Amino acid sequence: MTRNRFQVFPTYTQEFHTHHSYPVCFTNNLFTGTNQTIRRTLTKMGHDAPVRCAILVDSGVVARNRNLIKQIIRHFQKEHPFFELCHAPFIMCGGEAVKNSQRMVEETATIAHAHGLCQESLVFVVGGGAFLDATGAALAQCRGGIKTVNVPTSTLSQCAAGVGTMRYMNTRGIKNFSGIAAPPYAVFIDFSLLKTLPFEHHISGMAEAFKMALSADPDFFSYLVRKARKLRQNDPATVEKVVHKTATLHLDRVRASTDPILDGASEGTSLGCRVAHWLETCSGYKLPHGHALSVGIALNASYARHTGSLSEEDFSKLIHGLMTCGLPVWNRFLEARNDKGIPELTAVLARSLQNASGAGAALMVPDGIGVLKAESHLDFKAFEKGVGVLRGFARKEISDERRIFVVSHGKQPKETSMMHEGMTRE
């Protein structure tokens, strides 16, 4: 028997399993009238004593919903003493910029410390995806983790970011470079908060719907293509159905992954995300995530069409659906070249695959509708051809009638002219 003379005691192996569950509730007018969704849900979860709470609200949401703060205060006053507000709702900056520095993290931690929030407290976070990420990352690090109740307010956050388990920050100039596992304590999706979304923010979330449908559900994909015009017109019934279906598909994907807590954290495991994150970074985060994701999906689908794993018919349906919704399929950064004349896209993809391992060392592309496959050995010439194909669709769109919708803040877009059939917006 060989003995290791450097090891004094035998190795002890620690092993345990954790269990997580959280409700995701869909409702309307969460903070108004007689809506008791929050209290009933928390009661079912075992809360029968007063709960100390704080409320953080995205300033962009407040600007679009002038009565929201009053509604929240009245709602929690009505539910007293079940809820004990430590302070009036805190209105804080939102938008992608809050993920680019630690300022929001520090401000959130300061609030938690100043008002004695702990692991037994609840913090309601009302805002868009970036706001949920920044505040959630901060609260996960305070006092061993403070419970967060997410109230996502955009189509994109209701479809994905608000219901997932990871909270991301942009560091080192890289989109979502830093991440922390922080499953929400509960999620409340209030469809009424979508009514005041600007058109660009509304339609951005539809890219997530196409991503999940193309990845996992052929019937849902067909539905999106058929209803693309209604989605662009922000038809409430259609939007609610799409958000609900996309969120549940996202939750199913998380639960089925090898590590649900990490929420499929590798961008390589998601359709279009690797290209989307690069495009967002190139734009200085001015390009909305959903718009960048739409371009990423279209490019990966173009690659699949070139390699034969996606039919011409299905590719055409996808492009038509995205463009009819009002989402882009091309971006000028796809054409950028480095000092050596090599397309930046090619260099980025090659470098990211080379530096990654496991699932991240591959690019996910459609293998028909509803199935993805991992491509680890890429034909970069095919991507260059795909960029040209998508540029052609974009130019065709621009060359047709450009003023299709008159869009004003807080209102549904209004159709002003008809378009001929084909891969154009309408």
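Begin by selecting helix 12 and helix 13, which are oblique to each other, in what is a predicted model. With residues 273–282 shown as helix 12 and residues 289–307 as helix 13, you can follow two axes that come within 7 Å and cross at roughly 135°. The crossing in which helix 12 passes helix 13 is right-handed.

Now show the side chains where these two helices meet. On the side of helix 12, select Cys273, Val275, Ala276, His277, Leu279 and Glu280, and on the side of helix 13 select His289, Ala292, Leu293, Val295, Gly296, Leu299 and Asn300, since these are the residues that meet.

Stay with Gly296, which lies in helix 13. Is Gly296 buried or exposed? Its relative accessibility is 0%, so Gly296 counts as buried. If residues up to four places away in sequence are left aside, Gly296 touches Gly272 and Val275. A distance drawn from the C-alpha atom of Gly296 to that of His277, a residue 19 positions away along the chain, should read 8.9 Å.

Before moving on, zoom out to the whole protein, whose secondary structure comes to 16 helices and 13 strands. Of its 426 residues, 53% are buried. Among the contacts with a separation of 6 or more, 75% are between residues 24 or more positions apart.

Next, select helix 11 (residues 236–256) together with helix 9 (residues 218–226), whose axes come within 12 Å and cross at roughly 155°. At that angle, which is over the 145 degrees required, helix 9 is roughly antiparallel to helix 11. Helix 9 passes helix 11 in a left-handed crossing. To see the residues that meet, show Phe220, Tyr223 and Leu224 in helix 9, and then Thr238, Lys241, Val242, Lys245, Thr246 and Leu249 in helix 11.

Keep helix 11 on screen and add helix 8 (residues 206–216), which packs against helix 11 at an angle of about 50°, with the two axes 9 Å apart. Helix 8 and helix 11 are therefore oblique to each other, and their crossing is left-handed. The contact involves Met206, Glu208, Ala209, Lys211 and Met212 from helix 8, and Val242, Thr246, Leu249, His250 and Arg253 from helix 11.

The tour now turns to aromatic rings. A search of the whole structure finds nine aromatic pairs. One to select is Phe31 with Phe76: the ring centres are 6.4 Å apart and the planes stand at 35°, so this pair is tilted. The pair links distant parts of the chain, with Phe31 in the loop between strand 1 (24–27) and helix 1 (37–44), and Phe76, 45 residues apart from it, in helix 3 (residues 68–78). Phe31 is buried, with a relative accessible area of 5%, and Phe76 also counts as buried, at 2% relative accessibility.

Add Phe82 and Phe83, an edge-to-face aromatic pair with 4.9 Å from centre to centre and 90° between the planes. Phe82 counts as buried at 7% relative accessibility, as does Phe83 at 1%. With Phe124 also selected, you have one aromatic cluster, formed by Phe31, Phe76, Phe82, Phe83 and Phe124.

From the cluster, step to Pro81, which has its place in the loop between helix 3 and strand 3 (83–85). Here the peptide bond from His80 to Pro81 is cis, with omega near 10°.

Two asparagines come next. Asn29 lies in the loop between strand 1 and helix 1, and its phi is near 55°, a positive value in a residue other than glycine. Asn29 is partly exposed, with a relative accessible area of 37%. Asn176, found in strand 8 (residues 174–181), likewise has a phi near 55°, which is positive in a residue other than glycine. At 19% relative accessibility Asn176 counts as buried, because the limit for that term is under 20%.

Finish with two charged side chains. Select Lys147 and Tyr185 to see the charged end of Lys147 over the ring of Tyr185, 5.6 Å from the ring's centre. Then select Arg332 and Phe333, where the charged end of Arg332 sits over the ring of Phe333, 4.3 Å from its centre.

Conventions:
Residues are numbered from 1 along each chain as its sequence is written. This is a predicted model: local features need pLDDT of at least 70, side-chain atom pairs count only at pLDDT 80 or more; totals for chains, interfaces and linings use all residues. Side-chain values use heavy atoms; hydrogens and water are left out. Rings of Phe, Tyr and Trp (its six-membered ring) pair if their centres lie within 6.5 Å; planes under 30 degrees apart count as stacked, over 60 as edge-to-face and the rest as tilted. Helices (H or I, at least four residues) and strands (E, at least two) are DSSP runs, numbered from the N terminus. Buried means under 20% relative accessible area, exposed over 50%, partly exposed in between (1.4 Å probe, protein chains only). A charge sits over a ring if NZ of Lys or CZ of Arg is within 6 Å of the ring centre and within 35 degrees of the ring normal. Axes are lines fitted to C-alpha atoms, for helices over the stretch in contact, and angles run from 0 to 180 degrees between N-to-C directions. Angles under 35 degrees count as roughly parallel, over 145 as roughly antiparallel, 65 to 115 as roughly perpendicular and the rest as oblique. A crossing is left-handed if the near helix is turned anticlockwise from the far one by less than a right angle, and right-handed if clockwise. Contact means heavy atoms within 4.5 Å.
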